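Thank you for sending this one over for comment. My notes follow as numbered points, and they are best read with the structure open beside them.

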Amino acid sequence: MSVSFARVEAILERFPPSPEHLIEALQGIQAEFNFIPPEALRAACQHVGVPESRGWAVATFYKAFRLEPKGEHDISVCMGTACHVRGAANLYQKFRRQLELENEEGTTRDLKFSLSKVRCLGCCSMAPVAKVDEEIHGDLNQRKAGSLVKVLEREVEP
Ligand code: FES
């Protein structure tokens, strides 16, 4: 994914060009792109006058920063014990196939979906469970997972 230099410049102009504004500049970039593209991180470092290595150190230290693109919809499948016992691994693979995701976790090429594994989501009685954006879906099975993705796909169609 390439980002527009003009968009990055417009964001950086909002922050004074000094090292103490690095974190704010990175937050501004993430707010705009939903992650921190490498070229934008480089531009932020130049703007505030710190070495690129410092920018990477900060961006990788704070969990709030994302260095990978995030999809419009975020699907987190619980792999905790209760969900595992009730078929979470198969459920996860169903989501992967449905989204045609090449890697084990990550974001689809069209940036519509991100899929990841998480630990207990705190609603084990509804296992197996997945969180889609901010909503918990329990008692899932492969059929329900398939329909869930289809519904979301319709929402994000242009
Ligand atoms: S183990 Fe999945 S919600 Fe607790």
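1. Which residues does M126 touch, not counting residues up to four places away in sequence? Bearing in mind that this is a predicted model, the residues that M126 touches under that condition are G138 and D139. M126 itself is placed in the loop between strand 3 and strand 4, the latter being residues 130–132.

2. Is M126 buried, partly exposed or exposed? Its C-beta atom has 17 others within 10 Å, and because a residue needs 20 or more to be buried and 12 or fewer to be exposed, M126 is classed as partly exposed. As for its distance from T107, the two residues are separated by 19 positions in sequence, while their C-alpha atoms are 26 Å apart in space.

3. Turning to the whole protein, it contains seven helices and five strands, and from the N terminus on these elements follow the order α-α-α-α-β-α-α-β-β-β-β-α. The C-alpha trace spans about 50 × 35 × 25 Å along its principal axes, and of the 158 residues, 27% are buried.

4. The five strands form an open sheet with mixed pairing, in the order 2-3-1-4-5. Strand 2 (106–107) and strand 5 (135–137) each have a single partner strand, so they stand at the edges, with one side of each left without a neighbour in the sheet.

5. Within that sheet, strand 1 (residues 73–78) and strand 3 (residues 113–118) run parallel and are joined by six bridges; one bridge to look for is that of D74, whose partner in strand 3 is S114. Across strand 1 and strand 3 lies helix 6 (residues 88–99), which runs at about 155 degrees to strand 1.

6. The domain assignment divides the protein into domain 1 (5–61) and domain 2 (73–156), and the C-alpha centres of domain 1 and domain 2 lie 32 Å apart.

7. A residue worth comparing with M126 is Q30, which belongs to helix 2 (residues 22–33). Q30 has 20 other C-beta atoms within 10 Å and is therefore buried. Leaving aside neighbours within four places in sequence, Q30 is in contact with F35, I36, F65 and R66, and although Q30 and L67 are 37 residues apart in sequence, they are 9.0 Å apart in space, C-alpha to C-alpha.

8. Finally, on contacts across the protein: among those with a separation of 6 or more, 61% are between residues 24 or more positions apart.

Note on methods: Residues numbered from 1 in each chain as written. Predicted model: local features only at pLDDT ≥ 70, side-chain atom pairs only at ≥ 80, totals over all residues. Helix = DSSP H or I, 4+ residues; strand = E, 2+ residues; numbered from the N terminus. Contact = placed C-beta atoms within 7 Å. Pairing = 2+ DSSP bridges. Axes fitted to C-alpha atoms, helices over the stretch in contact; angles between N-to-C directions. Domains from an automatic or database assignment.
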